[in-house]
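Reader: I should like a close look at one strand of this protein, its pairing and its surroundings. Please set out the details in a connected account.

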Amino acid sequence: MNGEIKAYNSVLELIGETPLIKLSETVAGFPGDFYAKVEAFNPGHSSKDRIALHIIEEAERKGILKPGDTIIETTSGNTGFSIAMVSRIKGYECILAVSSKSSADKIDMLKSMGAKVYVCPAHVSADDPRSYYQVAKRMHEEIKNSIYINQYFNELNIEAHYLTTGPEIWRQTAGQITHLVACSGTGGTISGTARFLKEQNPAIKILGVDAYGSVLQKYHETQEFDKNEIYPYRIEGLGKNLIPTATDFEAIDSFTKVKDEDAAHMARFISRTEGLFVGYTSGAALQATKQLAAKGAFDENSKVVVIFPDHGSRYMSKIYNEKWMDEQGFNDAKSLSETQHIEY
Ligand code: PMP
């Protein structure tokens, strides 16, 4: 056989250009067309691959990072995994300071990518020297030739999505998108995507998703940081107890809050109806979309893009685990296919 070998040089070449997939059963009966931007197709299985690659490559371009240098971040979640993955391939040390609340599975995942993980006590305030913020800050000060990603306060987080997610959605919808629904955690995804899309067509509505227990919606509506809005909730990666500068509140038209229980059921529903194995916040995003649809936010001409941020495999011990669902009082175990145990 003749011809060229078709191979990628590394998984980094597979970051971005995630597919847009039309939703069917999950949105049956609502006017308009609904499309999921499925970020689980990134090699690190989440949208965070985009920011890890962009922030690290910008530091390289500016000459701040050289091979062997150290990259530091405070996260056990998707961002940590993506930074560890990019660091591995590019030859950087990766240090992640995580909270002791993080599941053992998550910590093991980070270690599998070669990251050095510091587990810090969860129940101390952010300014306590033992907190993961302070540990990361100290590491950054002590380790020469290190950079601190600081995703909640890094403008490059927004830029990564302005340069990739936004243009992809615009091209994939042939400019016909009318509404974007996206979760807000750091705010990078929604803000960067929104900035690009609004430049193309200012009429596109940008609909943010927030959690009950988070300050974002109230801040958007009143410009006030209301501590009373803060209480514990289950959804990971959505909402916040501070105001991140990586959120461009002006680019967002409105926020919709979703309940932990509804988002969990919706993620499970997406998996078993659309065959798309998605994470907790994907359920939150579609739940918000359906709450908006029920209030008449869309019509037959609407082309709604909903961002699904990550993959369901990260939540096997949570929303896809019947015992966990039971413990939260979310019990709807019957929504998973029944298991038949054969005696032997
Ligand atoms: N979903 C998940 C699972 C996440 O980890 C995050 C990031 N915190 C988000 C949604 C929100 O994305 P962003 O930080 O860009 O607002």
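Author: In this predicted model, A182 of strand β7 has G208 as its bridge partner in β8. That pair belongs to a set of 5 bridges joining β7 to β8, and the two strands run parallel. Strand β8 spans residues 205-211, while β7 covers residues 179-183.

The burial of β7 deserves attention next. Of its 5 residues, 5 are buried, and the strand is described accordingly as mostly covered. The cut-off behind that word is a relative accessible area under 20%. In a regular strand, side chains alternate between the two faces of the sheet. For β7, H179, V181 and C183 lie on one side, and L180 and A182 lie on the other. Both faces are covered, since each of these residues is counted as buried. A182 therefore combines two roles in this description: a buried position on one face of β7 and a bridge to G208.

The chain leading into β7 offers a contrast in exposure. Between α6, residues 165-172, and β7 runs a loop that holds A174. This alanine has a phi near 50°, a positive value in a residue other than glycine. A174 is exposed, because its relative accessible area is 58% and the cut-off for that class is over 50%.

A second residue with positive phi is found in another loop. N145 sits between α4, residues 132-142, and β6, residues 146-148. Its phi is near 55°, again in a residue other than glycine. With a relative accessible area of 44%, N145 is partly exposed, a class that lies between the buried and exposed cut-offs.

These parts belong to a protein with 11 helices and 10 strands. Its radius of gyration is 20 Å, which agrees with the value near 20 Å expected for a compact globule of 344 residues. Along the principal axes, the C-alpha atoms fill a box of roughly 60 × 60 × 50 Å. Over the whole protein, 52% of the 344 residues count as buried. Among contacts between residues at least 6 apart in sequence, 70% join residues at least 24 apart.

Two surface and charge values complete the account. The accessible surface comes to about 16400 Å², with 50% of it belonging to carbon and sulfur atoms. The protein carries 37 positive and 45 negative charges, and the mean positions of the two sets are 3 Å apart.

Note on methods:
Residues are numbered from 1 along each chain as its sequence is written. This is a predicted model: local features need pLDDT of at least 70, side-chain atom pairs count only at pLDDT 80 or more; totals for chains, interfaces and linings use all residues. Side-chain values use heavy atoms; hydrogens and water are left out. Helices (H or I, at least four residues) and strands (E, at least two) are DSSP runs, numbered from the N terminus. The radius of gyration is taken over C-alpha atoms; the globule rule is 2.2 Å times the number of residues to the power 0.38. Buried means under 20% relative accessible area, exposed over 50%, partly exposed in between (1.4 Å probe, protein chains only). Contact means heavy atoms within 4.5 Å. Accessible areas come from the Shrake-Rupley method with a 1.4 Å probe; for residues, only the protein chains shown count as cover. Lys and Arg count as positive and Asp and Glu as negative; His and the chain ends are not counted. The place of a charge is taken as NZ of Lys, CZ of Arg, CG of Asp or CD of Glu. Two strands pair if DSSP finds at least two bridges between them.
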